[in-house]
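Me: I would like to learn how to read the ring contacts, surface patches and strand pairs in a model. Please take them in turn.

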Amino acid sequence: MSVASSRFFASSIGRKQLIAFSGLALCGFLVSHLVGNFLILAGPDAFNLYAHKLISLGPVLYVAEAGLAAIFLLHLGLALKLALENRAARGQKYYVKNRTGRGETFMSATMPYTGLILLVFLVLHILHFKFGAYYATTVDGVAMRDLHRTVVEYFKSPLNVAWYVFAMSAAALHTAHGFQSAFQTFGWTHGKWTPKVKSLGLVYAIVVAGGFALITIMTHVQGA
């Protein structure tokens with residue numbers, strides 16, 4: 001890496017762009033994850049086969065998971081560092097009124113809190129489903145993990161459903177603001193297109209977060 005590149009990524013602008021890029025990458029992953037998760041509504045065999053095919057990728061899956069973890073940690077670490085630096089520079093809370101005198105939106109003001117909620121959600125999500133209860137099943141003569149049962153058993157609890165819906169509400173707020181902010185960070189702003197980008201961010205947030213919440217609720221209803 002050249003000296004110029006090192007200075008750029010060490011700068012506030014460089015870190016903001018890395019946060020934006022990693023955030024958009026995570027948004028892309030959420031779409032693919034949502035599509036796969038909808039198979040749980042198609043029945044145990046369809047969902048278990050999908051999960052088994054992913055696991056069967058072996059080293060490829062491990063590399064993908066490591067890459068995803070690196071992107072997430074980069075996003076989290078840089079966002080935290082930037083927030084702490086801004087707070088120290090201002091001598092007050094990071095989220096304050098901007099220079100125009102207008103107060104920030106509810107979505108922007110709650111970014112640190114929704115981010116924290118999503119961090120807790122992610123840790124619990126991995127513990128419950130990747131390393132959680134293991135049930136065995138056989139589909140088309142192939143032995144595999146019955147992940148469908150693991151999910152259904154977990155969402156039999158109304159409290160677990162409530163937690164997931166709450167976390168998805170936080171995800172909607174976080175991604176709606178993050179999506180539009182990413183474009184602004186890269187300087188992709190225009191009087192005509194910026195409102196459309198904001199609308200697209202809202203649509204993305206509602207569809208993706210709402211989709212995960214819908215799967216959770218329907219799994220509870222079907223498995224109750």
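What follows is a short dialogue on a few features of this structure.

Me: What kind of model is this, and how are its residues numbered?
Reply: It is a predicted model, in which local features need pLDDT of at least 70 and side-chain atom pairs count only at pLDDT 80 or more, while totals for chains, interfaces and linings use all residues. Residues are numbered from 1 along each chain as its sequence is written, and side-chain values use heavy atoms, with hydrogens and water left out.

Me: How many aromatic pairs are there?
Reply: Rings of Phe, Tyr and Trp (its six-membered ring) pair if their centres lie within 6.5 Å; planes under 30 degrees apart are stacked, over 60 edge-to-face, and the rest tilted. By this rule there are 10 aromatic pairs. One of them is Phe 121 with Tyr 164, edge-to-face at 4.8 Å centre to centre and 70° between the planes. This pair links distant parts of the chain, with Phe 121 in helix α6 and Tyr 164 in helix α8 (residues 158-185), 43 residues apart. Helices here are DSSP runs (H or I, at least four residues), strands likewise (E, at least two), numbered from the N terminus.

Me: Is Tyr 164 buried or exposed?
Reply: Buried means under 20% relative accessible area, exposed over 50%, and partly exposed in between (1.4 Å probe, protein chains only). Tyr 164 has 4%, so it is buried. Phe 121 is buried too, at 13%.

Me: Why is the pair of Phe 129 and Tyr 154 edge-to-face?
Reply: Because the planes of Phe 129 and Tyr 154 stand at 80°, with the ring centres 5.3 Å apart. Phe 129 is in helix α6 and Tyr 154 in helix α7 (residues 147-154), 25 residues apart. Both Phe 129 and Tyr 154 are buried. Ring pairs join Phe 121, Phe 129, Tyr 154, Phe 155 and Tyr 164 in a cluster.

Me: Which charge lies over the face of Tyr 135?
Reply: A charge sits over a ring if NZ of Lys or CZ of Arg is within 6 Å of the ring centre and within 35 degrees of the ring normal. Over Tyr 135 it is Arg 149, at 3.9 Å from the ring centre. Lys 130 lies over the face of Phe 131, at 5.8 Å.

Me: In which sense do β1 and β2 pair?
Reply: Two strands pair if DSSP finds at least two bridges between them. Strand β1 (residues 136-139) and strand β2 (residues 142-145) are antiparallel, with four bridges. Val 139 stands opposite Val 142 in β2. The two strands form a hairpin with two residues between them, and Asp 140 in the turn has a positive phi of about 55°.
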